[in-house]
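Hi everyone, thanks for coming. Let me put the structure up on the screen, and then we'll walk through a few parts of it together.

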Amino acid sequence: MSGSSLDGLDIALVRFQEQDDKYHFQILQAETLPYPEHWTEQLSEAFHKQPEDLVQLDKDYGKYLGEQVLAFAKKHNVNPDFVASHGHTIFHRPEEHYTLQIGDGQELAKACGFTVINDFRSEDVSKGGQGAPLVPIGDKLLFGDYAICLNIGGIANLSYDEDGKRIAYDLCIANQALNYLANMNGFDYDRDGELARSGKVDITLLKQLNKHPFYGQLPPKSLGREFFETYQKELLKDLPVPDMLATFVEHIALQIALPISFLPKGKLLCTGGGARNKFLIERLQARTKHEVVMPEKQIIDYKEALVFAFLGLLRLEGKTNVLASVTGAESDSSSGRIWKNN
């Protein structure tokens, strides 16, 4: 799993068992590999590359992913049944009927030597769906004991059951912005939200952030990096970095708290890198009636990698892994391209 916040490559080795019509999982090994400077630059700039350069980057990145998977497998002396890869999102424009996650599946399979499943979004987009979010099938089948599942990654999203259907959608930009601002002060990220805690909320900026039309749209809806690149980044200027961070933290807490305020009170499972931002979680808990539950660190950090492994398993079993109730597509899908090492 590679998230839009570019904090690195998450690799998880997972064992699944199906028992009594329920799936059970165990994360056996997991680690995050920070991107070398070369790959941080390449992935950051990919949004602006020419088509022929992007095609080459797709292949190169697929090979890189395969090499990291193989090194991980050798390190832990395992021979996995398959590899499920989300890839790295460059474009996500479902309203224009396309989405692009690079990391060529054939190159990945050749480099690691294992069966690979990737490209989980395209089929849903071709059916008129958003192609996102994809994690809700895992929320439903692996974390069904929680009323709401919230992930705070580069983009924050949530999922919950309503009238027997899974509902899920993207809420707002999260760590993409927080990491961008922390970088302006020379840090990779704002540890525990301490920089934000030291700042003051700028009401004018907060109102500007909150007034974007996206927040008034009804789901299904999803966000890509374009949202931050073309709108919100333009607003983040002419203020001390701690004040911008404090304001954006408040913006994220508001955009999470508002939609769940209409849902029955219950436990809210919080995962993703943003779950480790203590100041953000404090602001969220202050704004919601729901009990914010922090799971064990391994689930916080690797839930998305875990769920993409699960999506791969469902694909190989020919079962639904993308829900039309979430994406707005004309039908559910068993989505993902399968690549053999040949």
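**A helix with two sides**

Okay, let's start with helix α8, which runs over residues 203–210: Leu205, Leu206 and Leu209 are buried there. Keep in mind that this is a predicted model.

So how do the buried residues of α8 sit when you look down its axis? They fall within an arc of 100°, so they line one face of the helix. Over on the other side of α8, Thr204 and Lys207 are exposed. And what covers the buried residues? The cover includes α9 (225–235) and α10 (241–260).

One more detail here, at the start of α8: a side-chain oxygen of Asp202 comes to within 3.2 Å of the backbone nitrogen of Thr204.

**On to α10**

We just met α10 as part of that cover, so let's look at α10 itself. Of its 20 residues, 18 are buried, so α10 is largely enclosed by the rest of the structure.

Here's a little check you can do yourselves. How far should the 20 residues of α10 span, at 1.5 Å a residue? The expected span is 28 Å, and the end C-alpha atoms of α10 are 29 Å apart, which agrees. If you tried 20 times 1.5 and got stuck, remember to multiply by one less than the number of residues.

**Aromatic rings**

Now for the rings. When we talk about a pair of aromatic rings, we give the distance of the centres and the angle of the planes.

In this model the count comes to 14 aromatic pairs. Take Phe47 and Phe91: their ring centres are 5.5 Å apart and their planes are at 45°, so this pair is tilted. Where are the two partners? Phe47 is in the loop between α1 (37–45) and α2 (51–75), while Phe91 is in strand β4 (residues 88–93), so the pair ties together parts that are 44 residues apart in sequence. Both Phe47 and Phe91 are buried.

Phe214 and Tyr215 give us an edge-to-face pair, with 5.8 Å from centre to centre and 80° between the planes. Phe214 and Tyr215 are buried too. Phe214 has another neighbour to point out: Lys221 lies over the face of its ring, at 4.5 Å from the ring centre.

There's a second lysine to show you: the charged end of Lys303 sits over the ring of Phe143, 5.4 Å from the centre of that ring.

And finally, a group of rings: Tyr35, Trp39, Tyr61 and Tyr64 form one aromatic cluster. That's my tour, thanks for listening!

Key. Residues numbered from 1 in each chain as written. Predicted model: local features only at pLDDT ≥ 70, side-chain atom pairs only at ≥ 80, totals over all residues. Heavy atoms only, no water. Phe/Tyr/Trp six-rings, centres within 6.5 Å; stacked < 30°, edge-to-face > 60°. Helix = DSSP H or I, 4+ residues; strand = E, 2+ residues; numbered from the N terminus. Buried < 20%, exposed > 50% of the residue type's maximum accessible area, 1.4 Å probe, protein only. Lys NZ or Arg CZ within 6 Å of the ring centre and 35° of its normal. Arc of directions from axis to C-beta. Contact = heavy atoms within 4.5 Å. Polar contact = N/O pair within 3.5 Å; in protein donor to acceptor, adjacent residues only side chain to side chain.
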